[in-house]
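Me: I've got a model open and I'd like to go through some of the labels people put on it. Can you take my questions one by one?

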Amino acid sequence: MAYHLSVFLENNPGKLERITKILSDNSINLRAMSLASSGEFGVMKLLVDNPEKAFEVLKQNKLTVIKRQITAVVVDNVPGSFNRLLNKLSQNNINIEDCYGFLLSDGKTAAIIMEIDNTPNASQLLSDIGFDVLTAEKIYKY
Amino acid sequence: MFWQKDIELMDKEQLRNTQLDCINKEIKIAKRSEFYKKKLSNIDKISSLDDVKNLPFTTKEDLRNSFPYGFLATDLQNVIRLHSSSGTTGNPTVVFHTAFDISNWANLSARCMYTAGARNNDIFQNTMGYGLFTGGIGFHYGAERLGMLTIPVGPGNSKRQIWFMQNFKTSVIHILPSYALRLFQTVEEMHVDVKRDLNLRIAFIGAEPHSEEMRKKIEELYNIKAFNSYGLSEISGPGVAFECECQSGLHIWEDYVYPEIIDKDTLEVLPDGCEGELVLTTLQREAMPLIRYRTRDLTKIISEPCACGRTHRRIARITARTDDMMIINGVNIFPIQIEKTIMSIPEAGRNYIIEIFENNFMDKLCIKLEIDNENFGGTLRDLEKLQNRLECELKQEIGVTPVIKFVDAGSLPVSDGKAKRVFDLRNKNK
C-alpha cells in the first residue's frame, strides 16, 4: 500500500519553505507535489522517497500532517492516454479525490497519482482491466 | 459520603437561622474596618434574612479604592496572609486572612473535594498556580486537610506533569480547563495511553468559565470525571461552590456564604431560578468580611432538592462574567457561547482565539482555530466543510456571522495561567 503525505498550511510567505527545509535537512527527496488552496489556507500533498521518515520529521516539527493512501498507474506519454484512464474510472464509478502526475525519466511514460476514497480495491480493479499499477516501492523510487 | 454530615444535611430552617446569626456577627466584625465603619454606620444588625436586601452592596471598585488596608477588620497581629490580584489596571484587590480564615478555607476546600469523591488514599496533583493567585494554595491546604498525598507541581511544563502522573499514579488532578485540553497534546506526543499508563479518575476544573461541552471533552479525553469548581479570591478562593457526584449544578456552601441573585441593571433581588448576577455575603470571615459582594458572575440559584441529599442550594454553571460580554454591532455575545459551539463539533479542534476588529465602521468577529493532527482529515474539502459548519452553527448560536480562520498547530498564543481567548482589536479611542 502506497501513500503520500497531506500537510495543512496557512497561505503565508515562508510556510511552504518551512516544509521543504525540513525535508532538505533530512535528505528526503520530493518526487512530486500538489497544492490546493482555499484562499487563506491550503493543503499540500507531498510524494516523497521515504514517506515514513518524512511523516515523523514533519510531525516532530509540529506540522499538521497525515498519511493518505494513493493509487498510481503508468500511462503512455501520448495524446488521449489520460482520457482513457479517466474513462475507465468513470465507467467503474470510481471517484478521484485528488490527482496529479509527473513524467517518468524515460520521457515516454508518466505516473498518475490518485487519491481514491470510494473504492478500497481500486488498485486491483485497475490492474485487472489492464493498467500498469505501480507498487509502493516503485512509486517512491522509480 | 459526607465530609461534615451535620452541616451538609442541615435542616433548611436551621441553616437559615445560622445564616442570620452569622450575618449579624459579620456586620459587627466588618464595622471595625474603615470601609464598613462608614458604609454601615446606621446599621447594627438585621432581624431577618429578608432584610439582607436592604444592606448596601460592596463592589470590586470599593475594594480597589480602599487599598491597601481599608477592608481590614482586625488587628494586623491576627493577620497571617494576604492574597492579591495582579493589579495591572490600577490598584490590586487585596484579601486578608487570619489563621481561623485559612483553616476554615482549608476545611471548605476539603469538603468540596470529598463531595466530588476524593479520599485520603488519593494522589493529588495540583497544577494550579501557587502564589498570590488563590487557586493553587487554596486547594493545596484542602487536599492536605483531606489527607491526600499532595504534589504541589504548579502550572506549566507539560512533560513533567505527565511524568508525575505516570510515576506517582496521580488519581486526582486540579487543573484549568483550558490547560487540560492543551496538556492532552503532550499526552499524545509522548504516546501516553490514558487508560493504560495513567491512573487518573477525578479532575477539579475551575477558575475559568467553561461550558458543559468542554467538561465532556475533558472527561472523554482523559477517561475521568471532571467536577466544576467555583470560587473567587475576594471571598477566599476556590471552594465556595462545588459539584457533587450528580454533576448537576454546584452546591454553594450556605454555612460559608449567603447567596443572592440580582438583576444586574435594576439591582433588585431575583427569585431562585432566575438568572442574574451572584451576590455573596461572607458568614465566617474574621479578617475581612464582605457584605453583599457583587461577584459579576452570571448564574442562577437552583433550589430544588439534589439527589445527593445535601440541603445547600446549588448554583448553575457560571455562564459568564458581566465584564466578559462582547458587543458586536450591537449584539451581546458571551465567549462561552462560542466555546460551547466549538466544543460540540468533534472535528473542530480545541485551540482557538476570538478576535474582534473593525472594518469599514463595522465590527467583525474572527475566530482563529488551530488545525492539528487530531482534526485534520487531509483534504481541502473536509476543511471547507468544517469552516462552513462552524460559520453556520456559530451564526445560529450568537446571531452574528463570524469569519473562521484556520491556523497552524501551535501558532496561537498560550498562557500559563487562565487562558486568554478574546482579543478586542477595535480602536477604543473613538
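Reply: Sure, here's a short round of questions on chain A and one helix of chain B.

Reply: First, this is a predicted model, where local features need pLDDT of at least 70, side-chain atom pairs count only at pLDDT 80 or more, and totals for chains, interfaces and linings use all residues. Residues are numbered from 1 along each chain as its sequence is written, with chains lettered from A and ligands numbered from 1 in the order in which they are written.

Me: How many helices and strands are in chain A?
Reply: Five helices and seven strands, counted as DSSP runs numbered from the N terminus (helices are H or I, at least four residues; strands are E, at least two).

Me: What makes chain A as compact as a globular protein of that length?
Reply: Its radius of gyration is 16 Å, close to the 14 Å from the globule rule for 142 residues, so the label holds. The radius is taken over C-alpha atoms, and the rule is 2.2 Å times the number of residues to the power 0.38.

Me: Which residues of helix α7(B) are called buried?
Reply: Gln161(B), Ile162(B) and Met165(B). Buried means 20 or more other C-beta atoms within 10 Å of the residue's own, exposed means 12 or fewer, partly exposed is in between, and C-beta atoms are placed from the backbone.

Me: Why are they said to be on the same side of α7(B)?
Reply: Because they cover an arc of only 90 degrees around the axis, using directions from the helix axis to the C-beta atoms. The face turned away from that buried side carries the exposed Lys159(B), Arg160(B) and Asn167(B).

Me: What follows α7(B)?
Reply: Lys169(B), with a positive phi near 55 degrees.
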